[in-house]
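Work through the exercises below with the sequence and the structure side by side, and try each task before reading its solution.

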Amino acid sequence: MENQHFSHQHPLVFNVKQSHESAKVNCSGCGEVVSGPSFSCVECGFYLHKQCGEAPSEMNHPFHHNHSLSLLVTSPSGGGQIMCDFCNRKCENFFYHCSCNLALHIKCALFSYNNISKKQVDHHLQHIAYKDPSIFPEHLSQQLIEAKCFACWKPLVHSPYLSPDCGFSLHRKCSDLPLELNHLFHRQHSLLLQFNRGRLPCKICQKTQPRGLVYCCPICEFVLHIECMLPIIEHTSSREHRFSKLWLRQSSFTCDACGTSGNYDSHICSTCNLIVHEKCISLPRIIKSLWHHHLIFHEYFVVDNERGTLECEICHEEVNKDCGSYYCSDCKFILHVNCALQETSWYYKIESIVDYEKKSVVDTGDPPFSFIKGVKHGETVINTEIKHFSHQHNLELSEVVKDDDRYCDGCSMLITTPFYLCLQCHFSLHKSCAELPRKKEIWIHFHQFHQLPLNLITDSYFNCSCCQSQCSGFAYICMEYLCGKLFCIRCANISLACTSQGHEHLLRFYHKYNGKHCNACGDSTDGFSIYRCKACDFNLHFTCTFLPQTARHKCDEHLLTLKSHEDNDYSKHHFCDVCEGKRNPNTWFYHCEICDTSAHLKCVGDFPFIKLGTSRFFEEHPQRLVLVRKVYDYPECCKSCGKPCLDLALECAETRCNYVIHFENCDE
């Protein structure tokens with residue numbers, strides 16, 4: 001095998017090993033005696049170690065992010081002495097060079113790149129013995145005593161080091177340095193392990209290290225020596241602080257743990273330069289919060305090089321990244337400490353991540369339906385016929401709604417395409433409702449110390465424990481002992497952000513927000529959960545985001561459509577055709593474009609999530625009762641309260657029986 005190397009005019013021949021008969025020769029790349037596989041020139045005795053011969057002509061070295069390094073044979077300036085920035089020795093053979101005059105022996109460049117930067121020390125250096133200077137210190141040579149570690153540039157014999165036989169002076173601890181870390185003294189950006197070509201002084205000791213590696217922020221030109229910062233490198237797996245009481249002369253301070261102010265009585269960790277409230281000493285390190293699906297960790301500062309500001313996902317105010325918060329680095333999810341711990345029912349402390357992960361395997365239960373027929377569309381199979389667990393007959397997929405009065409038996413809202421229908425009865429399911437999992441974790445429902453999935457049940461009448469709406473159809477129920485709460489499928493799928501037809505921006509969830517009015521219904525937001533756009537001061541009760549897009553009412557033969565704005569500026573047009581009262585043109589309403597009929601949200605109906613025609617049995621009556629809407633005065637009065645039945649009522653399915661009862665009075 002021949003190789004035409006850029007440094008030599010003749011082709012080089014590959015040698016598997018050095019001949020025993022040949023004299024010792026030096027590698028023209030690194031200057032050391034050739035041993036092992038090599039390249040050589042038959043004509044003139046030119047030799048290169050295999051590693052030197054295959055070294056790339058250009059290298060992007062992780063310890064020098066600014067520029068790429070070029071492999072040179074001679075000085076780029078044509079003369080002058082060049083010193084290696086790693087070992088501080090003269091570059092007399094091949095070396096890597098940068099336009100900013102960083103220079104590295106070829107061997108130093110490859111060693112630092114392959115072994116230290118790629119964290120392959122244990123693999124590549126396992127054959128090299130480590131020396132402990134505390135053992136037989138009298139045997140240390142003068143040369144060894146004067147040697148410096150190539151990384152931190154401190155005396156080599158100050159701590160265990162690699163055997164000098166390997167050709168590199170390196171402390172054991174310096175071979176395991178993280179390539180990137182976060183530090184309390186520079187909370188804006190991460191610090192990178194780099195060659196300090198700019199000869200910048202350390203921010204702690206104010207001294208300039210002549211060679212070797214430092215931790216620096218290239219953006220801010222912030223530098224810390226390895227030796228100066230080693231005692232307070234922060235590791236995510238474990239962080240313990242020894243706090244002592246400190247009485248401040250100043251009247252106030254800002255707590256590094258929670259970011260809020262305190263007065264006089266504080267505690268300090270002198271090692272890490274942290275000052276905290278007494279109550280913040282015992283903050284839980286890791287918590288499981290109902291506000292996020294991952295574990296979140298308490299951090300004394302957050303480094304986010306991609307985003308300028310971070311907002312708390314509970315109060316939606318900016319979080320000071322230089323102070324403590326609860327943070328999920330995977331999702332960039334952050335909470336103020338006081339917001340995260342505001343309610344004890346919102347979180348629980350994690351003692352062991354391993355134990356938590358064993359218990360947190362999500363059980364989605366059996367599939368909601370079995371496959372009967374399907375068609376292949378590309379790589380996707382579309383289920384055209386299924387057998388759903390909630391119904392006795394097979395259901396077929398449909399893209400056409402032939403009956404305007406068809407409602408979904410899952411969410412009880414008007415059917416929209418695509419949906420599954422039963423050809424033997426009037427049962428229908430939106431495709432999305434048919435695909436709901438039989439078990440689901442719901443973030444709005446949270447039990448301390450664990451989070452169990454809720455079970456999907458069918459054919460129910462219930463009050464949703466979240467939105468308080470009366471509902472029929474599918475529900476998720478908590479099977480926890482003494483709980484039994486029921487949630488409609490709309491609340492089961494609410495998120496911390498949503499979009500709305502009435503606004504162009506993303507809306508954020510606020511647990512409680514006072515002093516505003518809902519842009520949909522016009523009512524006060526005081527004491528209610530809302531979705532809000534802070535920039536535009538746009539607010540919606542979270543229940544108003546569930547308003548049906550279409551609805552039926554006796555005032556019009558057509559479907560009414562939900563509208564978020566009034567196109568007609570004529571004031572006499574702003575009336576409700578149901579109650580004949582005035583309408584606020586700035587709030588939402590239902591409208592028929594064909595008949596120009598308009599109605600208040602409340603006038604269209606108070607029970608948008610109840611499906612008419614469904615039936616149930618009561619102990620008070622032997623026959624089946626059917627849910628109906630009584631439009632006009634009904635001659636028979638409610639058997640429970642004696643008053644006439646208007647709007648929703650349950651009446652006996654037997655035509656000869658006149659039993660009727662208000663729906664609200666018989667809710668179980």
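A strand here is a DSSP run of E that covers at least two residues, and strands are numbered from the N terminus. Keep in mind throughout that this is a predicted model.

**Exercise 1.** Find the strand in which Lys 349 lies, and decide whether this residue is buried, partly exposed or exposed.

*Solution.* Begin with the place in the chain: Lys 349 belongs to strand S24, which covers residues 347–349. Next take the relative accessible area of Lys 349, which is 46%. Buried means under 20% and exposed means over 50%, so Lys 349, at 46%, counts as partly exposed.

**Exercise 2.** Determine which residues Lys 349 is in contact with, once its neighbours within four places in sequence are left aside.

*Solution.* With those neighbours set aside, the contacts of Lys 349 are Pro 284, Ile 286 and Ile 287. Then consider one of these partners, Ile 286: it is 63 residues from Lys 349 in sequence, while the C-alpha atoms of the two are 6.2 Å apart in space.

**Exercise 3.** Work out how many disulfides there are, and check Cys 323 and Cys 491 in turn.

*Solution.* The cut-off is that two cysteine sulfur atoms lie within 2.5 Å, and by this rule the count is zero disulfides. For Cys 323, the nearest cysteine sulfur is that of Cys 255, 7.9 Å away, and Cys 323 is in no disulfide. For Cys 491, the nearest cysteine sulfur is that of Cys 488, at 3.6 Å, and Cys 491 is likewise in no disulfide. Finally, Cys 323 is buried, with a relative accessible area of 6%, and Cys 491 is buried with 1%.

Notes: Residues numbered from 1 in each chain as written. Predicted model: local features only at pLDDT ≥ 70, side-chain atom pairs only at ≥ 80, totals over all residues. Heavy atoms only, no water. Helix = DSSP H or I, 4+ residues; strand = E, 2+ residues; numbered from the N terminus. Buried < 20%, exposed > 50% of the residue type's maximum accessible area, 1.4 Å probe, protein only. Contact = heavy atoms within 4.5 Å.
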